[in-house]
Amino acid sequence: MTVTGQDSDVARGLDGLEDERASARLRAALAVGSAPDPRYVPKLVERCATEPEFFVRDMLTWALTRHPVGLTLPALLGEVRAERAQARSQALHTLSKIGDVRAYPAITPALLSDTDEEVARSAWRAAVVLAPEEERPALAEVLVTQLGRGGQETRRSLSRALVALGEVTVPALRAAAGGTGPEVRAQALATEQLLRDPDSGFAGAIEEAKRVVALGGARGEGA
């Protein structure tokens, strides 16, 4: 069998993605994305699930976006159901970069409430990018169930996702702001403030919302 120059390039690219040096893997991912070939897609998807370096994962995602959607979409949709959290998270991130709305049905409520925070955050971002207009109010209702979850960065990510959905989030946010959990109420109020004034910043909005919730609670106790 004759080995062509293209075959040799593909073999080198596949080997490079497995190199023990992060710098070599980065160069390989750049080369693979610069000269797309269908034979790269399975390895790129596989590597996304295990690659330890963020900057290499980012290049792997870029390389996948350079390949035909008809090849990458089925592989990535399979990964969002993977057992490994990084596989789910990176597949969701890559789907958001590809931007094909056919992927939206794969972003299930289970992914939007995934116990792994990085997976959940990736699902929120992808859902906002991919959701058709008619699905956005229902998406907002699912997202508000995650209010009050995690630390500051997780809450910031969720509020950003809700703000990105726009005015369709207001009914769900107002319903959450009337709930009983102070953390949920505060984040709902802060998110609505960010929707009205995106430049106000999450940290300031959440602190002000906490004061409002605390004052409301104190007044209720004294009533």
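Contact here means heavy atoms within 4.5 Å. The model is predicted.

**Exercise 1. Place Ala123 in the structure and list its contacts beyond four places in sequence.**

Solution.
- Start with the element. Ala123 sits in helix H8.
- Next, check accessibility. The cut-off for buried is under 20% relative accessible area. Ala123 has a relative accessible area of 0%, so Ala123 is buried.
- Now list the partners. Leaving aside neighbours within four places in sequence, Ala123 is in contact with Leu92, Ile107, Leu111 and Leu112.
- Finally, take a distance. Leu195 lies 72 residues from Ala123 in sequence, and their C-alpha atoms are 20 Å apart.

**Exercise 2. Describe the largest nonpolar core: which residues touch the most other members, and which helix gives the most to this core?**

Solution.
- Count the members. The largest nonpolar core holds 52 residues.
- Pick out the residues that touch the most other members. These are Leu44, Leu95, Ile107, Leu112, Leu139, Leu143 and Leu147.
- Assign the main contributor. Helix H8, residues 117–130, gives the most to this core, with eight residues.
- Look for another core. A second, separate core has eight residues, among them Ala186, Leu194, Phe202 and Ala205.
- Set this against the general trend. In soluble globular proteins, nonpolar side chains tend to be buried together.
- Take Leu147 as a case. Not counting residues up to four places away in sequence, Leu147 touches Leu158, Leu162, Leu173, Ala176, Val184, Gln187, Ala188 and Thr191.

**Exercise 3. Work out how helix H3 packs on helix H4, and whether the pair is roughly parallel or antiparallel.**

Solution.
- Define the pair. H3 spans residues 41–48 and H4 spans residues 54–65.
- Read the geometry. The helices pack at an angle of about 150°, and their axes are 10 Å apart.
- Apply the cut-off. Angles over 145 degrees count as roughly antiparallel. H3 and H4 are therefore roughly antiparallel to each other.
- Add the handedness. The crossing of H3 past H4 is left-handed.
- Name the residues. H3 supplies Val41, Leu44, Val45, Arg47 and Cys48, while H4 supplies Arg57, Leu60, Ala63 and Leu64.
- Sort them by class. The H3 contact with H4 has seven nonpolar residues, two charged residues and no polar ones.

**Exercise 4. Analyse the packing of helix H5 and helix H6, then follow Thr94 and Val69.**

Solution.
- Read the geometry. The axes of H5 (residues 69–79) and H6 (residues 85–98) come within 8 Å and cross at roughly 145°.
- Add the handedness. H5 and H6 make a left-handed crossing.
- Name both sides. In H5 the residues are Val69, Thr72, Leu73, Leu76, Leu77 and Glu79; they meet Ala87, Arg88, Ala91, Thr94, Leu95 and Ile98 in H6.
- Sort them by class. The contact of H5 with H6 has eight nonpolar, two polar and two charged residues.
- Follow Thr94. This residue belongs to H6. Thr94 has a relative accessible area of 0%, so Thr94 is buried. Not counting residues up to four places away in sequence, Thr94 touches Thr61, Leu64 and Leu76.
- Follow Val69. This residue belongs to H5. Its relative accessibility is 29%, so Val69 counts as partly exposed.
- List the partners of Val69. Not counting residues up to four places away in sequence, Val69 touches Pro74, Ile98, Asp100 and Arg102.
- Check one distance. Val69 and Asp100 are 31 residues apart along the chain, with 8.0 Å between their C-alpha atoms.

Terms used. Residues are numbered from 1 along each chain as its sequence is written. This is a predicted model: local features need pLDDT of at least 70, side-chain atom pairs count only at pLDDT 80 or more; totals for chains, interfaces and linings use all residues. Side-chain values use heavy atoms; hydrogens and water are left out. A nonpolar core is a set of buried Ala, Val, Leu, Ile, Met, Phe, Trp, Tyr and Cys residues joined through side-chain atoms within 4.5 Å. Buried means under 20% relative accessible area, exposed over 50%, partly exposed in between (1.4 Å probe, protein chains only). Helices (H or I, at least four residues) and strands (E, at least two) are DSSP runs, numbered from the N terminus. Axes are lines fitted to C-alpha atoms, for helices over the stretch in contact, and angles run from 0 to 180 degrees between N-to-C directions. Angles under 35 degrees count as roughly parallel, over 145 as roughly antiparallel, 65 to 115 as roughly perpendicular and the rest as oblique. A crossing is left-handed if the near helix is turned anticlockwise from the far one by less than a right angle, and right-handed if clockwise. Ala, Val, Leu, Ile, Met, Phe, Trp, Tyr, Cys and Pro count as nonpolar, Asp, Glu, Lys and Arg as charged, and the others, Gly among them, as polar.
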